[in-house]
Amino acid sequence: MRSLLGFELYKLFKQKMIYLTFIGLLIITSSYMLNFERPSDAEKELYSKWEGTLTQEKVERSQVENEKLNVLIDKRVEEMEEKGEVGAAFSEEEATKVGMYETIAFIQGADDRTALRLSELEGEESLSTALETSILKENDFSYFAYNKAPREIIDYTSTFSLVVTGLMLMIGLSGMYSREYSSGVENYMLSSKRGRKDLARAKIIAALIYTFIIVVIGEAWNIISKIYLFGNEGWSTTIQYIFKYHFSPFGFSMIEYHLIQLGIHLLAAFSFALLILFISSLCRNVLVSLIVSGAIFGVPYFIVELVQMPTWLREALQFSYLYIMKVDFLFTNFNAINVFGQPILYPFVAILWMLILSVLFAYTTVRVMRTKQVA
Amino acid sequence: MKLTIEKVTKSYGEKVAVNDLSFELTEGVYGFLGSNGSGKTTLMRILASVSKPTSGRVLFDGEDIRTLDEKYRDMLGYSPQHIGYYKNFTVQKFMLYIASLKGIERQQAKQKVDELLELVNLTENNKVKMSKLSGGMKQRVGIAQALLNDPQILIVDEPTAGLDPKERVRFRNLLSKISANRIVLLSTHIVSDIEFIAKEVMILKEGVLIQKESPKKLLEGIRNKVWTATVNEEEVADLQAHFRCGNIAHNDERFDIRLLSETKPHSNAVQTKPNLEDLYLYYFEEDGVA
Ligand SMILES: Nc1ncnc2c1ncn2[C@@H]1O[C@H](COP(=O)(O)OP(=O)(O)O)[C@@H](O)[C@H]1O
Ligand SMILES: [Mg+2]
């Protein structure tokens, strides 16, 4: 078994295509970072003054200061207009301050909304009321800090990572069986003692190792590039600081959420890898294998984004590989599915679903190979 | 050791490639003879368990090979008609890969690979990429990989296709060296490949087994039917129109022609000793008869 696995890994990593593609993808999906500016020391200094738990007193003070600043800036703008001057009406420092005060107000808003929602829930009697209440009760968004790096890292994972991972899996794994068929090596495989069941297992493990390595390298690149630009602060602020998760009922810190996000991304990637391997076991042509996998990955996205449909269908379609690898929709709102009168949160549904598909495809691949014939 | 083929049929849609075959094989070399498309490869694939019969079954010592599964494949060496390989693998790496497919321990595999490459005269080429080998060398790798697990059943599909005559002789020597104590099946459409080494020749035609005999017996069957005659050009055309003709040799103004006939075909025809080429002619060239 070990030497079978060794050969499978050797064949996988001998593909020159994967290196070119990987580097190309990482560069392309990171080119937006060229527009980023590193924060100045002064900017970080300003943030550190406000860092920590936001007390009532702090929030009010920030409101007052924000108003003062705004009045000042408005006045300056008027003066400039009168004189016919053009240019910035405020300094770097003032811009940073306004941004910071607004963020504080923004996160205070999320806190207020939680309180509001909790009181709403007290009057409700639906199946998931208790569940939602218990999640919301834990929430505390009041920690404030400079958190550009974690925000960007989380954003990359739910956007570009899925493109990188998805394409790398398709390109690397689509040929795993198809190439055996098209090269004629299938004849040795299928007539040898370990070329059916054991080889299928070795290929499964090799595909999972490959997937793991791709995700880990992608993650390393994500982390290193963002931390290099923005520093390492802000991991204990909550995800409500990110606009996309502002309405999320889950009060995860950035680090907690990123780990969860990465875990689900990896699980979905594992499952997708097994699907690709399964498809490859059915396709004699590498290109066909690639196209079928690509369609299963991409088509749900285009349907969801472009076609009008009832909400339940849209939600259902989101339980496809691309969206689960994207992870975000599982956490942006409170969503649960009723299973035998028991509300199950979307993230758990997604995890369970991916596990079921993984087992199914792994098992079916082994089955297919046990009875496979040459064409 | 006995391989039993029991009412085996294989169809591809309408096309029946192998039609209701039943026979038995024991230790020794069997030569499958048949023109292109007669079903040799199809039958060998079934015996090599890479293809399933549409109906019928194959038994090894009385047990269905599908039940034996891994145990059967463990006894099997198969060299397919077209030697598949990975382009960037060296000969040695390729052999080690097949060894791992066969479940041979790494250390033992190394030794076995060296041994077999020596046997097929490829020791010098063990670091050469598979894609750089000549047709004959690839065939020899095909044989070598089939022998890695010291198989009791060795199936070699058209091993001499694309070999030059010298390589063919070398291959026959190799085969006679390795054929002891195994069931060896060899398909070819070149008669001389099996004339001297086959215990039995099996003649397939359109998926049907029409003969299964020792070469000697088969030749006896056409003993009084092979003739040679020396004739002129017009007579050649005339004979070709009415009889199955083999070799024609130019001899000054006249021609020496070899042909098959139940009765004396020409006034100066003389009977001659049949060989397997005649046998092939006898079974496969009847379409040529007007
Ligand atoms: N995979 C296949 N699909 C359809 N027809 C096939 C296939 N394999 C073989 N055949 C047909 O079956 C017949 C026997 O082929 P084959 O076993 O390759 O003959 P041989 O090896 O004696 O040349 C041929 O007519 C061939 O066209
Ligand atoms: Mg053939």
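This is a short tour of chain B and its magnesium site in a predicted model.

**Stop 1: the whole of chain B.** Select chain B and show it as a cartoon. You should find 10 helices and 14 strands. Turn the view along the principal axes, and the C-alpha atoms fill a box of roughly 70 × 45 × 35 Å.

**Stop 2: inside and outside.** Now colour chain B by relative accessibility. Of its 290 residues, 53% count as buried. Switch on a surface next: chain B exposes about 13,500 Å², with carbon and sulfur atoms supplying 45% of that area.

**Stop 3: charges.** Select the charged side chains of chain B. There are 40 positive and 40 negative charges, and the mean positions of the two sets lie 7 Å apart.

**Stop 4: contacts along the sequence.** If you like contact maps, draw one for chain B. Taking contacts between residues at least 6 apart in sequence, 68% join residues at least 24 apart.

**Stop 5: the magnesium ion.** Select ligand 2 and zoom in. Which atoms coordinate the magnesium ion? They are OG1 of T41(B) and OE1 of Q81(B), at 1.9 to 2.3 Å. This pair brings together distant parts of the chain, 40 residues apart: T41(B) sits in helix α1 (residues 40–47), while Q81(B) belongs to the loop between β6 (76–79) and α4 (91–101).

**Stop 6: the two ligating residues.** Keep both residues selected and compare their cover. Is T41(B) buried or exposed? T41(B) is buried, because its relative accessible area of 18% falls under the 20% cut-off. Q81(B), at 26% relative accessibility, counts as partly exposed.

Technical notes:
Residues are numbered from 1 along each chain as its sequence is written. Chains are lettered from A and ligands numbered from 1 in the order in which they are written. This is a predicted model: local features need pLDDT of at least 70, side-chain atom pairs count only at pLDDT 80 or more; totals for chains, interfaces and linings use all residues. Side-chain values use heavy atoms; hydrogens and water are left out. Donors are N, O and S atoms within 2.8 Å of the metal (3.2 Å for Na, K and Ca); water is not among the atoms, so sites may look incomplete. Helices (H or I, at least four residues) and strands (E, at least two) are DSSP runs, numbered from the N terminus. Buried means under 20% relative accessible area, exposed over 50%, partly exposed in between (1.4 Å probe, protein chains only). Contact means heavy atoms within 4.5 Å. Accessible areas come from the Shrake-Rupley method with a 1.4 Å probe; for residues, only the protein chains shown count as cover. Lys and Arg count as positive and Asp and Glu as negative; His and the chain ends are not counted. The place of a charge is taken as NZ of Lys, CZ of Arg, CG of Asp or CD of Glu.
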